[in-house]
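Dear colleague,

I am handing over the structure below, and I would be grateful if you could look through it alongside the notes that follow.

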Amino acid sequence: MKILVTGASGNVGCYVVNELLKMGEEVVAAGTDIPKLIQLFGEQVTHVQFDFTKPESFERTLDGVDRIFLMRPPHLGKPEDLYPFIEAAKKHSIQLISFLSLMGIEKNTIPPHHKIEKFIEASGLPYAHIRPGFFMQNISGIHAFEIKEQDRIFIPAGKSQTSFIDAADIGLSIATILHDPNQYKNTTHTITGPEALDYYQIAVILSRVTGRKITYAKPGFLNYRTHAIKNRGLDKGYVNVTVALYFMTRMGTAKAITNTFFELTGKNPRTFEQFANENRGAFMQ
Ligand SMILES: NC(=O)c1ccc[n+]([C@@H]2O[C@H](COP(=O)([O-])OP(=O)(O)OC[C@H]3O[C@@H](n4cnc5c(N)ncnc54)[C@H](OP(=O)(O)O)[C@@H]3O)[C@@H](O)[C@H]2O)c1
């Protein structure tokens with residue numbers, strides 16, 4: 001039987017696919033953009049045109065599948081957006097559904113992941129929720145613009161600390177769990193990087209890696225929101241969710257460190273400095 005990977009072209013999904021292939025699993029890579037999936041994985045996987053908002057795409061996506069990596073695309077802000085697909089999965093013999101959730105979600109009812117986790121549990125599908133800390137890819141991705149163009153980190157996180165994790169390490173954790181579904185039935189896993197850093201420390205590391213002086217601007221929420229929407233043209237809904245997440249971060253919700261990655265994989269998670277060195281190009285002008 002095959003393992004379905006939703007968001008297969010995403011930060012985490014692409015590592016889930018590659019790690020599963022290394023383990024000898026058959027993979028169905030799903031998404032709305034088939035050329036992107038072909039470019040990423042060639043003929044190593046089955047590609048399927050899948051859209052959470054199009055129920056007519058569900059049956060072909062679930063055909064021959066017995067395990068699922070489920071992620072919520074960031075622009076689908078309502079938990080209900082994922083419910084029809086989870087309902088459809090119930091009609092198949094699914095051994096394990098592993099949902100990409102969020103660290104601390106068990107105590108935080110605001111992000112959609114909280115309700116999605118509950119919905120999966122109530123569905124009776126065997127589950128393994130993955131609750132990672134903030135991705136290192138946030139800094140090399142959405143926040144790289146100001147680092148590259150202005151030599152500054154422009155994130156409204158105050159003096160808070162974050163136990164950043166590399167999406168590659170999350171992908172390996174998820175593949176490990178899906179490869180052995182019986183062992184991980186009805187479990188939850190909070191996965192973090194090895195250290196909690198504040199953004200002043202991130203700036204020091206990035207200065208070392210790039211050879212330029214990078215500073216942390218420490219913007220307030222309003223200043224960040226205005227900049228993100230007006231100057232960068234980012235989607236308002238997305239920016240609002242980001243601001244809410246950094247509000248939580250300032251309350252200390254992003255700094256816990258767990259040993260889960262090591263327990264699952266027998267490896268140490270990457271440090272931010274290793275990640276920044278490996279992805280130096282993302283920060284260069
Ligand atoms: N960033 C963080 O620090 C962090 C931390 C913890 C949890 N998370 C959670 O992780 C999730 C994001 O994961 P990610 O960063 O791997 O995602 P991502 O890189 O933003 O990728 C989004 C994926 O969703 C697919 N997609 C978009 N619209 C779709 C639709 N209508 N139907 C089906 N697929 C669709 C895209 O593929 P196509 O283009 O082919 O459609 C793409 O593969 C979010 O739920 C976020 O809350 C993030």
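To begin with one side chain of this predicted model, Phe272 is buried, its relative accessible area being 1%. Phe275 is likewise counted as buried, at 1% relative accessibility, and since the two are 3 residues apart in helix H13 (residues 272–278), about one helical turn separates Phe272 from Phe275. Their rings form a tilted aromatic pair, with 6.0 Å from centre to centre and 40° between the planes.

Phe272 and Phe275 also belong to one aromatic cluster, together with Phe164, Tyr199, Tyr200 and Tyr216. Over the whole structure, the search finds 14 aromatic pairs; among them is that of Phe50 and Phe58, whose ring centres are 6.0 Å apart and whose planes stand at 50°, so this pair is tilted. Both Phe50 and Phe58 are buried. As for charges over rings, Arg250 lies over the face of Phe221, 3.9 Å from the ring centre.

Turning to the backbone, there is an open sheet of 7 strands with parallel pairing, in the order E3-E2-E1-E4-E5-E6-E9, and its edge strands, each pairing on one side only, are E3 (46–49) and E9 (187–191). On average, neighbouring strands of this sheet are turned by 20° against each other, direction ignored. Helix H8 (residues 167–179) packs on the sheet, where it touches E1, E4, E5 (96–100), E6 (127–132) and E9, and its direction makes about 165° with that of E5. Within the sheet, E1 (residues 2–5) and E4 (residues 65–70) pair in the parallel sense over 4 bridges, and Leu4 stands opposite Ile68 in E4.

With best regards

Methods: Residues are numbered from 1 along each chain as its sequence is written. This is a predicted model: local features need pLDDT of at least 70, side-chain atom pairs count only at pLDDT 80 or more; totals for chains, interfaces and linings use all residues. Side-chain values use heavy atoms; hydrogens and water are left out. Two strands pair if DSSP finds at least two bridges between them. Axes are lines fitted to C-alpha atoms, for helices over the stretch in contact, and angles run from 0 to 180 degrees between N-to-C directions. Contact means heavy atoms within 4.5 Å. Rings of Phe, Tyr and Trp (its six-membered ring) pair if their centres lie within 6.5 Å; planes under 30 degrees apart count as stacked, over 60 as edge-to-face and the rest as tilted. Buried means under 20% relative accessible area, exposed over 50%, partly exposed in between (1.4 Å probe, protein chains only). A charge sits over a ring if NZ of Lys or CZ of Arg is within 6 Å of the ring centre and within 35 degrees of the ring normal.
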